[in-house]
Amino acid sequence: MGKPYLLPLIALIISPLCGFVQSGDPYLFFTWNVNYATLSPMGVPQQVITINGQFPGPWINCTSNNNIVVNVFNNLDEPLLFTWNGIQQRKNSWQDGTLGTNCPIPPGTNYTYQFQVKDQIGSYYYFPTTALHRAAGGYGPINVHSRNLIPIPFNSPEAEFNVLVGDWYSKGHVTLKKFLDSGRSLGRPDGVVINGKSGNEAPKWNLIPGKTYRYRICNVGMKNSVNVRIQGHTMKLVEIEGSHTVQNVYDSLDIHLGQCNSVLVTADQTPKDYAFVVSTRFTKTVLTTTGTIHYEGSNIPASTELPAAPGNAPEGIAWSINQFRSLRWNLTASAARPNPQGSYHYGKINITRTIKIVNSASRGEDKLRYAVNGVSHTDPETPLKLAEYFGVSDKVFKYDLIKDEPSADAEDHITIAPNVVNGTFRNFIEIIFENHEKSIQSWHLDGYSFFAVAIEPGRWAPAKRANYNLIDAISRHTIQVYPNSWAAIMTTLDNCGMWNLRSVSLERNYLGQQLYFSVVSPEHSLRDEYLLPEGQLLCGIVKDLPVPAPPPPPPADA
Ligand SMILES: *[C@@H]1O[C@H](CO)[C@@H](O)[C@H](O)[C@H]1NC(C)=O
Ligand SMILES: *[C@@H]1O[C@H](CO)[C@@H](O)[C@H](O)[C@H]1NC(C)=O
Ligand SMILES: *[C@@H]1O[C@H](CO)[C@@H](O)[C@H](O)[C@H]1NC(C)=O
Ligand SMILES: *[C@@H]1O[C@H](CO)[C@@H](O)[C@H](O)[C@H]1NC(C)=O
Ligand SMILES: *[C@@H]1O[C@H](CO)[C@@H](O)[C@H](O)[C@H]1NC(C)=O
């Protein structure tokens, strides 16, 4: 404990009175019993993870500033964690539920997450981050509504539907994990599910003729982008991951792994049934599942002729990039801004750091691994955040194993180690994702929204900044990177914590394609980060260490 850098770290700890909770704001309490059940998402019985008997899991329907309390009972036979994908957890990576921030909840025990949702009016979802549990379900929708004083830029729909779509494997998560642990790949998914169902079981939504409905569609899948389209109907895009968009009308939308889009659909066609089509993108074999939009009072089945998907690769990629470019943030919409520290004039802020992220794969020692700039992340037994907080990070990981500009050979050689980047507090950073491979990538950042300023084919160079959208790019949390293409995002590192940047592809993520940003307040001020919550699970080498003592209170001008 006598480390020279321990003193500033001690200052991170705050008195219990300075917890995260804003006492005047309402609380929503959830008790979740997480179990295995036998269900048939693809028509074949298999082991699925349910929450309170449900798959998808219970809906977290909340309003900005609500305090969310989720008491999770892990009745599985393996350790478990959930993350709240896209919920920013300001100053509070303690609740982020990744293996870099939290000790997993042991089987047969319960643990309570507590966090406050802020002004991120939009559509999100949660999922289990441990093992390959996501392949067994355990996911569910999160909606954050606007408080009444903040209007949203469209009329209230007649009803809202959460639609969690994604590819699916009918082999259980245990078998899939064995594949990856033994060096094999997951292979192709077996199908697509909509809200955990497919075939005749797929969802049917009843619409009243003439009314308008909001569909909140998230791609919770493991490997593939999907395209979503509805027979005979267009979709008016209104929200992406907490940003209200310019309300363009689309025949179909590509939704990549980990992304959420809200669209308005008006029942303005001849009353009958219409297919709601979800199909995989850029795959040799296209997997398709259809739900049904049913006009109340009608009894004419949907036509069996499905609307065509946009072209596959390579033309389809140009189409999809064009669609990305059409996504714009509605700057006049008066809803709350997703970035509380106010970087929405982001085009005028000088970039303080550029980090280029290049994904790679290797079969070193006959085992498939995936990496970021040559480092394939592995989760140490002691979560990174806890190691840092207790002042023992030197026993657990090294900062900055990767370079901001990866060396040319970073793709040829892969090192397996915890991958932690020291992110300087309040730096305005640019991250370039360069994909040198033939498959599409999707990247998600915890703790932040970022401006998705550009996606282009080829390699990035500084001159490409001239092509950035510096006016009305969408502020979001997940971005796709097409094969042999790059994508650029910008964000202000104004949220202290340990934040996961991950490939949303389950196998790539599990096999190391992720890293963490450590963002520490230089003054270790309680204004910038909450203290270790009471009752936080401890494990690894911090298990029996004394919790560092509280620091002096923050200055009066806090
Ligand atoms: C979801 O939450 C919003 C905001 O609190 C509320 O207006 C709406 O009625 C809720 N929906 C349901 C079905 O409970
Ligand atoms: C476990 O659940 C009980 C209620 O059944 C609750 O009182 C307790 O605080 C929970 N423990 C944790 C660590 O969340
Ligand atoms: C943006 O939001 C404003 C305010 O709600 C709305 O009136 C306008 O139609 C929206 N603009 C576009 C292009 O969607
Ligand atoms: C940004 O950088 C330019 C060129 O170095 C400089 O002139 C300008 O003052 C900087 N702007 C801000 C807001 O720091
Ligand atoms: C992280 O970066 C900051 C700012 O450059 C520096 O002061 C700090 O010492 C670094 N921390 C570590 C653990 O390397």
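User: Happy to look at this predicted model with you. Which residues surround ligand 3?

Analyst: Let's start with the ligand 3 site in this predicted model. By class, its shell holds 3 nonpolar residues, 3 polar residues and no charged ones. By name, ligand 3 is surrounded by Pro-153, Val-246, Gln-247, Asn-330, Thr-332 and Ala-333.

User: Which residue has a side-chain N or O atom 2.3 Å from an oxygen atom of ligand 3?

Analyst: Two polar contacts are worth separating here. Gln-247 uses a backbone N or O atom, 3.0 Å from an oxygen atom of ligand 3. The side-chain contact at 2.3 Å belongs to Asn-330.

User: How much of the accessible area of ligand 3 does the protein cover?

Analyst: The shell includes Asn-330 and Thr-332. On its own, ligand 3 has 360 Å² of accessible area, and the share of it covered by the protein is 53%.

User: Moving on to ligand 2, which strand gives the most residues to its shell?

Analyst: Ligand 2 is surrounded by Asn-71, Phe-73, Asn-110, Tyr-111 and Thr-112. At least two residues of this shell come from each of strand 4 (67-74) and strand 6 (110-116). The one that gives the most, with 3 residues, is strand 6.

User: What is the distance between an oxygen atom of ligand 2 and a polar side-chain atom of Asn-110?

Analyst: Several side chains reach ligand 2 with polar atoms, so let's take them in turn, using 3.5 Å as the cut-off for a polar contact. Asn-71 places a polar side-chain atom 3.0 Å from a ligand 2 oxygen, and for an N or O atom in the side chain of Thr-112 the distance is 2.5 Å. For Asn-110, it is 2.3 Å.

User: What share of ligand 2 is covered, then?

Analyst: The shell of ligand 2 counts 2 nonpolar, 3 polar and no charged residues. Of the 360 Å² of accessible area that ligand 2 has on its own, the protein covers 42%.

User: How far apart are the C-alpha centres of domain 2 and domain 3?

Analyst: The chain is divided into domain 1 (12-145), domain 2 (159-326) and domain 3 (343-542). For domain 2 and domain 3, the distance between C-alpha centres is 28 Å. Their contact takes 24 residues from domain 2, and from domain 3 it takes 26 residues.

User: Which three residues supply 26% of the area that domain 2 buries against domain 3?

Analyst: Between domain 2 and domain 3, about 2300 Å² is buried, with carbon and sulfur atoms giving 60% of that area. On the domain 2 side, the three residues that supply 26%, more than any other three, are Leu-180, Glu-241 and Phe-324.

User: Back to the backbone: which residue is joined to Pro-56 by a cis peptide bond?

Analyst: Pro-56 sits in the loop between strand 2 (46-51) and strand 3 (60-63). The cis bond has an omega of about -10°, and the partner of Pro-56 is Phe-55.

User: And what is the phi of Lys-91?

Analyst: Lys-91 is found in the loop between strand 5 (82-85) and strand 6. Although Lys-91 is not a glycine, its phi is positive, at about 60°.

Definitions and conventions:
Residues are numbered from 1 along each chain as its sequence is written. Chains are lettered from A and ligands numbered from 1 in the order in which they are written. This is a predicted model: local features need pLDDT of at least 70, side-chain atom pairs count only at pLDDT 80 or more; totals for chains, interfaces and linings use all residues. Side-chain values use heavy atoms; hydrogens and water are left out. A residue is near a molecule or strand if one of its heavy atoms lies within 4 Å of it. A polar contact is a pair of N or O atoms within 3.5 Å; within protein, one must be able to donate a hydrogen and the other to accept it, and residues adjacent in sequence count only if both atoms are side-chain atoms. Accessible areas come from the Shrake-Rupley method with a 1.4 Å probe; for residues, only the protein chains shown count as cover. Ala, Val, Leu, Ile, Met, Phe, Trp, Tyr, Cys and Pro count as nonpolar, Asp, Glu, Lys and Arg as charged, and the others, Gly among them, as polar. Helices (H or I, at least four residues) and strands (E, at least two) are DSSP runs, numbered from the N terminus. Domain bounds come from an automatic or database domain assignment. Contact means heavy atoms within 4.5 Å. Buried area is the accessible area (1.4 Å probe) that two parts lose on being put together, summed over both.
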